[in-house]
Each structure stands twice: as structure tokens, then as C-alpha cells.
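Below are my notes on the model, set out as numbered points for you to read alongside the coordinates.

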Amino acid sequence: MYTVRPVTAEELLGAAERLGGLLADSVDGGASVGFLAPLDAGAAADWWRALAPEVGAGRLLVWVAYPEAGAGAGAGAGAGAGAGAGAGAGAGAGAGAGAGTDAGRRIAGTVQLRPASTANGRHRAEVAKLMVHQADRGHGLAGRLLAALEEEAVGRGIRTLVLDTETDSPAERLYAAAGWTRVGTVPDFATDPAGVPHATSIYFKALAAAAHSPGR
């Protein structure tokens with residue numbers, strides 16, 4: 001079992017090294033999330049720290065997943081783990097957890113939402129950096145992270161989500177099962193962590209309209 005909740009800019013800084021470890025694990029596992037292997041742990045942590053101003057300004061939302069007390073990490077590669085976007089049940093589970101209780105806890109997964117900044121695009125957002133640690137795959141955690149993100153997006157009046165992911169990767173099965181629609185592919189859009197070019201698939205998902213203004 002896992003607790004999934006958003007983090008503040010301050011919490012992100014405190015978790016940067018652990019998030020850097022998750023990022024390095026995803027890259028080592030072959031996920032196409034914008035980095036080449038081997039990824040230095042310090043550089044990975046610095047990348048997360050650099051996001052804190054955007055999180056503080058509300059331009060970027062970040063969720064993290066923590067194993068609950070006594071829950072062991074599972075084995076097995078589940079579809080969508082290390083999904084690398086742009087790179088289920090239990091939506092928003094644990095959102096009220098206090099920062100102090102999470103300090104130092106192992107981070108099993110993460111995902112980001114970047115709302116569009118243009119005046120005519122405030123109804124849409126990009127999903128990015130969906131990652132699940134290799135030891136935690138096969139338990140539906142990627143789906144839970146997506147569900148928490150989508151719940152928040154709907155509450156903010158966001159109606160359209162977009163993302164991109166490596167074509168023919170396990171992530172594509174996750175997005176198909178979660179109701180995403182593939183628009184098409186771009187050949188040789190990005191390389192995998194070994195530097196080999198791969199096609200990228202573009203996806204979108206239409207969300208239920210929120211009951212209030214999209215300009216919230």
C-alpha cells in the first residue's frame with residue numbers, strides 16, 4: 001500500500017536527494033525521461049531542486065508516493081512504471097498527510113502536472129515525469145499517481161491533458177488502460193538512456209468539466 005500526495009516547494013527541496021534516487025533508478029531501468037545513463041546522483045538531486053521555484057509559484061504540481069508503514073516493496077515490472085511522460089482507485093490518497101511524517105521516507109513514485117500558461121490554454125495541462133521505482137512496480141502505483149493528478153486537474157477546471165511517451169514502451173499500455181487516446185507518433189523524437197533514438201507517441205485525455213471557472 002502507498003500514500004500519494006502533492007508536495008510543496010519546501011517539501012520538494014527536502015526530498016530532492018530521494019527524488020534524485022528515484023530519477024536515477026528510472027534512467028537505469030531504461031525509462032526515457034530526458035536523461036542519459038549513467039545519471040549522477042548529485043546532478044539528479046540538483047535537477048529536482050531547480051524545480052522548487054516553479055512549484056512555489058504554482059506553475060508546476062508534483063505528487064509523490066510513499067510506501068505505507070510495514071508495506072514491502074514488490075517485484076515485477078508493471079505496465080507504466082517508469083513511464084516517462086513528457087517528458088485506478090485511490091485518487092489523491094493520503095493528500096492530508098503532514099510533511100513531518102514524510103520526512104526521510106522512501107519515495108516509491110512521482111508524477112508532475114504543468115498547467116498551460118497562455119490565456120487561451122488555461123483549460124489544458126501537460127503530464128510529465130511519471131516514474132515508479134523498479135522495486136515498486138506491479139502494484140498499480142502508476143495508475144494511482146495518474147488518478148490523483150487527474151482529480152486535482154478536474155478540480156482546477158482543467159479539461160484536457162496531454163503527454164508524450166516512448167512508442168511501444170510499457171507506458172503505452174498504462175495510458176491505453178487509463179482512457180488516454182493516442183494522436184500519433186513522431187519518429188526519432190528522443191533517445192533512450194543509452195542514446196538510441198526512438199519514436200515518441202503523443203496522447204491526450206479529455207476530463208470531466210469542473211463545476212467552476214477554469215480560471216481558478
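Which residues form a nonpolar patch on the surface, and what is their accessible area together?

1. In this predicted model, the nonpolar patch on the surface is formed by Val-162, Val-183, Val-186, Phe-189, Ile-202 and Phe-204, which together have about 460 Å² of accessible area. The elements that give two or more residues to the patch are β6 and β7, and β6 gives the most, with three residues.

2. Val-186, one of the patch residues, is found in strand β6. Val-186 counts as partly exposed because its relative accessibility is 33%, and the partly exposed class lies between under 20% for buried and over 50% for exposed.

3. Turning to the sheet, seven strands form an open arrangement with mixed pairing, in the order β1-β2-β3-β4-β5-β7-β6. Its edge strands, each of which pairs on one side only, are β1 (2-6) and β6 (181-191), and the twist from one strand to the next averages 20°.

4. At the β6 edge, the pairing of β6 with β7 (residues 197-206) is antiparallel and extends over seven bridges, with Ala-190 standing opposite His-198 in β7.

5. Two helices deserve a comment with respect to the sheet. Helix α3 (residues 41-49) packs on the sheet, where it touches β2 (61-67), β3 (109-115) and β4 (124-132), and its direction makes about 40° with that of β3. Helix α6 (residues 141-155) lies across β1, β2, β3, β4, β5 (160-166) and β7, and runs at about 155° to β4.

Definitions and conventions:
Residues are numbered from 1 along each chain as its sequence is written. This is a predicted model: local features need pLDDT of at least 70, side-chain atom pairs count only at pLDDT 80 or more; totals for chains, interfaces and linings use all residues. Side-chain values use heavy atoms; hydrogens and water are left out. Two strands pair if DSSP finds at least two bridges between them. Helices (H or I, at least four residues) and strands (E, at least two) are DSSP runs, numbered from the N terminus. Axes are lines fitted to C-alpha atoms, for helices over the stretch in contact, and angles run from 0 to 180 degrees between N-to-C directions. Contact means heavy atoms within 4.5 Å. Patches are made of residues with over 30% relative accessible area and no salt bridge: like charges are joined within 9 Å, nonpolar side chains (Val, Leu, Ile, Met, Phe, Trp, Tyr) within 5 Å. Accessible areas come from the Shrake-Rupley method with a 1.4 Å probe; for residues, only the protein chains shown count as cover. A salt bridge is a side-chain nitrogen of Lys or Arg within 4 Å of a carboxyl oxygen of Asp or Glu. Buried means under 20% relative accessible area, exposed over 50%, partly exposed in between (1.4 Å probe, protein chains only).
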